[in-house]
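Colleague: Please take a close look at the charged side chains of this model, and at how they are placed and paired. After that, say what surrounds them, slowly enough for someone new to structures.

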Amino acid sequence: MAIKIKGMNNSLVFVFEAGAFEEHKSFLQERFTSNPQLFGGSRVVFKGPGLKELSHEEISGLQLLCLENGMLLNNMDDLPRPEKQTVIKDLVIRRNVRSGQKIRSEGSVLIWGDVHESAEITAAGDIIVLGRLQGIAHAGCYGEMSSIVFALQLTPSQIRIGNRVSRASGDSIKNSRPEIAYWDAENICIREYNSRDNQSKTGSK
């Protein structure tokens with residue numbers, strides 16, 4: 001068995017042994033289909049030596065499979081960071097990110113949907129939300145201060161860029177227009193998005 005599934009601390013721990021990506025994917029899909037009541041809504045932790053044999057693109061694919069089957073990802077910080085020579089792939093999610101879910105990408109994150117309150121999005125690059133962003137967004141998590149956070153409706157509880165943090169102001173007024181958050185060398189700034197005005201923020205990397 002390439003993956004052992006254990007219950008621990010109110011989470012399901014997926015312990016990956018040596019195996020190919022397709023083997024892991026087929027095994028998980030079969031288990032999810034055969035017992036959706038067990039897996040739907042469960043918090044999932046990825047561990048095990050087999051993760052070192054998978055590319056970050058393959059790990060992202062397995063994460064996405066869990067999300068599509070209603071699970072919550074609980075330990076993205078425990079996954080191995082890629083070597084500098086690794087080709088980084090951005091993560092694209094075509095669904096809403098529900099409260100309590102945690103998403104991490106070694107590239108940028110593009111979400112076609114809403115990010116609900118208390119959800120967390122962490123990316124080495126940019127975070128783009130084609131919907132409403134209410135949760136926590138951490139762009140440039142390895143210190144890339146030129147990273148940005150963009151949303152069609154930007155109402156986060158917290159924005160982080162690199163090692164800087166900006167919390168919600170508490171203002172109940174919601175801007176119905178797209179906004180972008182970026183680091184201006186002194187503060188995290190939020191402004192209405194305009195493709196011409198913001199080229200220096202989004203196109204200079």
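Modeller: In this predicted model, both E106 and R104 are buried, and these two residues form a salt bridge in which the closest N and O atoms are 3.7 Å apart. The structure holds two salt bridges, and the other pair to consider is R177 with E192, where the closest N and O atoms are 3.2 Å apart. This pair links distant parts of the chain, for R177 sits in the loop between β13 and β14, while E192 belongs to strand β15, and the two are 15 residues apart. R177 has a relative accessibility of 48%, and therefore counts as partly exposed; E192, with a relative accessible area of 38%, is partly exposed as well.

A useful contrast is E179, which is found in strand β14. E179 is buried yet has no salt bridge. The reason can be followed in the distances: a salt bridge requires the nitrogen and the carboxyl oxygen to be within 4 Å, whereas the nearest side chain of opposite charge to E179, that of R191, is 9.1 Å away. If we leave aside the neighbours within four places in sequence, E179 is in contact with V149, F150, A151, L154, I190, R191, E192 and Y193. E192, the partner of R177 in the salt bridge described above, is thus also among the contacts of E179.

Aromatic rings offer another way of linking parts of the chain, and a search of the whole structure finds six aromatic pairs. One of them joins F14 and F39 edge-to-face, with 6.3 Å from centre to centre and 75° between the planes. Because F14 lies in strand β2 and F39 in helix α2, the pair ties together parts that are 25 residues apart in sequence. Both F14 and F39 are buried, and they belong to one aromatic cluster that also includes F16, F32 and F46.

Finally, helix α3 gives a simple check on geometry: at 1.5 Å a residue, its 13 residues, 56-68, should span 18 Å, and the end C-alpha atoms are 18 Å apart, which agrees. The buried residues of α3 are H56, I59, S60, L62, Q63, L65, C66 and L67. Just after α3, G70 takes a positive phi of about 80°.

Note on methods: Residues numbered from 1 in each chain as written. Predicted model: local features only at pLDDT ≥ 70, side-chain atom pairs only at ≥ 80, totals over all residues. Heavy atoms only, no water. Helix = DSSP H or I, 4+ residues; strand = E, 2+ residues; numbered from the N terminus. Expected span 1.5 Å × (residues − 1). Buried < 20%, exposed > 50% of the residue type's maximum accessible area, 1.4 Å probe, protein only. Phe/Tyr/Trp six-rings, centres within 6.5 Å; stacked < 30°, edge-to-face > 60°. Lys, Arg positive; Asp, Glu negative; His and termini not counted. Contact = heavy atoms within 4.5 Å.
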